[in-house]
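Subject: Structure handover and notes

Dear colleague,

I am passing on the structure we spoke about, together with my notes on it. Please look through it before reading on.

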Amino acid sequence: MSTIDAAPVALIVHAHPEPHSFSTAQMATAAQALRDAGYQVDVLDLYADAWAPTLAREEFAPVEGHFKPQAEQMRAVRNGTLDAAVRAHLDRLLAADLLVLSFPMWWFSLPAILKGWVDRVFVMGGVFGGDYGLFGDAALVGKRAMLLFTTGGSSESFRSGGALGSMDDFLFHIHRGMLEFVGFQVIGPVVTYGPARMTDQERTAALDTVRESVALIAADSRAIVL
Ligand SMILES: Cc1cc2nc3c(=O)[nH]c(=O)nc-3n(C[C@H](O)[C@H](O)[C@H](O)COP(=O)(O)OP(=O)(O)OC[C@H]3O[C@@H](n4cnc5c(N)ncnc54)[C@H](O)[C@@H]3O)c2cc1C
């Protein structure tokens, strides 16, 4: 928790281009479950906000010669010249006790707009590197993070030895390479497999499962580390 008396804060970063998608309904269900458990919920809807996902030279103070993105991030943190949108999102990230990345699985990973959020907001010098180290010495130690997502493939196809391959293998680069890298303790993901092939009744039941899973996570002060 941020302070002894304040409600814990959950930041949900959501990436789906369709407001009436199952993924968006799943995100709204999770948000309500967190509120019901006493969390203050902050939602960043990247498509609705038209988040610009590319880490570009132009977002930094004029760079002469060879552009080194991480060196520029360090310089911008040091000089207080981070891009205003990045600074605002970084502050919301730093204020959160729980980070939820909400998305449909695209190419066995995050949609580009969400990967671009990580590229720009997991700033070197702001959440790792500089005054911080990596993993256990990074800025977000003591906070939890989790993935909330949907797939096209079935749960069977994502089992070890299944047609697509083990889900754990696909998620490793996000869990270890992004979330743990900046200090988060990773909670096991909440996944709805193949909502497009479900009946309405099955989708309603799936949202109930999401609600129950997120309520358990919210109630559990111990992180379930993968
Ligand atoms: C570029 C791209 C790459 C992809 N790569 C992969 C991949 O690598 N692996 C993989 O497994 N899949 C992949 N997919 C498929 C993708 O993961 C699924 O299509 C997606 O996760 C399904 O979730 P959705 O929210 O988009 O579903 P939607 O199609 O939005 O929703 C499914 C159904 O749920 C209904 N619904 C919406 N809200 C509710 C509600 N409140 N209650 C009940 N029903 C509701 C909708 O009306 C719809 O009928 C890819 C898709 C794309 C576009």
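The notes below go from the ligand to the surface and then to the charged pairs.

Please keep in mind throughout that this is a predicted model, and that the values quoted are computed from it.

The ligand

The shell around the ligand holds 20 residues, and those that come nearest are His16, Ser23, Met105, Phe108 and Thr150. Two of these five also make polar contacts with ligand oxygen atoms: a polar side-chain atom of histidine 16 lies 2.7 Å from an oxygen atom of the ligand, and for methionine 105 it is a polar backbone atom that is 2.7 Å from an oxygen atom of the ligand. A nitrogen atom of the ligand is engaged as well, since a backbone N or O atom of glycine 152 lies 3.0 Å from it. On its own the ligand has 1000 Å² of accessible area, of which the protein covers 64%. Helix 1 (22-36), strand 4 (144-151) and helix 6 (200-219) are the elements that give two or more residues to the shell, and among the contributors helix 1 gives the most, with three residues. By residue class, the shell divides into 11 nonpolar residues, eight polar ones and one charged one.

Phenylalanine 108, one of the residues that come nearest to the ligand, deserves a second look for its backbone. This residue lies in the loop between strand 3 and helix 4 and has a positive phi of about 60°, although it is not a glycine. Most residues other than glycine have a negative phi. Phenylalanine 108 counts as partly exposed because its relative accessibility is 30%, a value that falls between the 20% and 50% cut-offs.

The surface and the loops

Which residues form a nonpolar patch on the surface? The patch is made of Tyr47, Trp106 and Trp107, which together have about 410 Å² of accessible area. Tryptophan 107 is found in the loop between strand 3 (98-104) and helix 4 (112-121), and at 81% relative accessibility this residue counts as exposed.

A second positive phi in a residue other than glycine, near 50°, belongs to alanine 50, which is found in the loop between strand 2 (40-45) and helix 2 (69-79). Alanine 50 is exposed, because its relative accessible area is 61%.

Serine 155 lies in the loop between strand 4 and helix 5 (167-179) and, with a relative accessibility of 25%, counts as partly exposed. From C-alpha to C-alpha, serine 155 is 31 Å from tryptophan 51 in space, and the two are 104 residues apart in sequence.

Is histidine 14 buried or exposed? Histidine 14, whose place is in strand 1 (residues 9-14), is buried, with a relative accessible area of 0%. The side chain of histidine 14 is joined to that of serine 102 by a polar contact of 2.8 Å.

The charged pairs

Side chains of opposite charge can pair when their charged atoms come close. In this model the count comes to nine salt bridges, and three of them are described here.

In the pair of glutamate 59 and arginine 120, the closest N and O atoms are 2.7 Å apart. Glutamate 59 lies in the loop between strand 2 and helix 2, whereas arginine 120 lies in helix 4, so this salt bridge ties together parts that are 61 residues apart in sequence. Both partners count as buried, glutamate 59 at 12% relative accessibility and arginine 120 at 7%.

Arginine 75 forms a salt bridge with glutamate 72, with 2.6 Å between the closest N and O atoms. Because these two are three residues apart in helix 2, about one helical turn separates them. Here the accessibility is split, in that arginine 75 is partly exposed at 28% while glutamate 72 is buried at 11%.

The third pair is glutamate 180 with arginine 176, whose closest N and O atoms are 2.8 Å apart. Glutamate 180 counts as buried at 18% relative accessibility, and arginine 176 is partly exposed, with a relative accessible area of 34%. Finally, salt bridges that share partners join Glu59, Asp83 and Arg120 into one network.

With best regards

Key
Residues numbered from 1 in each chain as written. Predicted model: local features only at pLDDT ≥ 70, side-chain atom pairs only at ≥ 80, totals over all residues. Heavy atoms only, no water. Near = heavy atom within 4 Å. Polar contact = N/O pair within 3.5 Å; in protein donor to acceptor, adjacent residues only side chain to side chain. Areas by Shrake-Rupley, 256 points an atom, 1.4 Å probe, with all protein chains shown as cover. Helix = DSSP H or I, 4+ residues; strand = E, 2+ residues; numbered from the N terminus. Nonpolar A, V, L, I, M, F, W, Y, C, P; charged D, E, K, R; others polar. Patch = residues over 30% accessible without salt bridge, like charges linked within 9 Å, V, L, I, M, F, W, Y side chains within 5 Å. Salt bridge = Lys/Arg side-chain N within 4 Å of Asp/Glu carboxyl O. Buried < 20%, exposed > 50% of the residue type's maximum accessible area, 1.4 Å probe, protein only.
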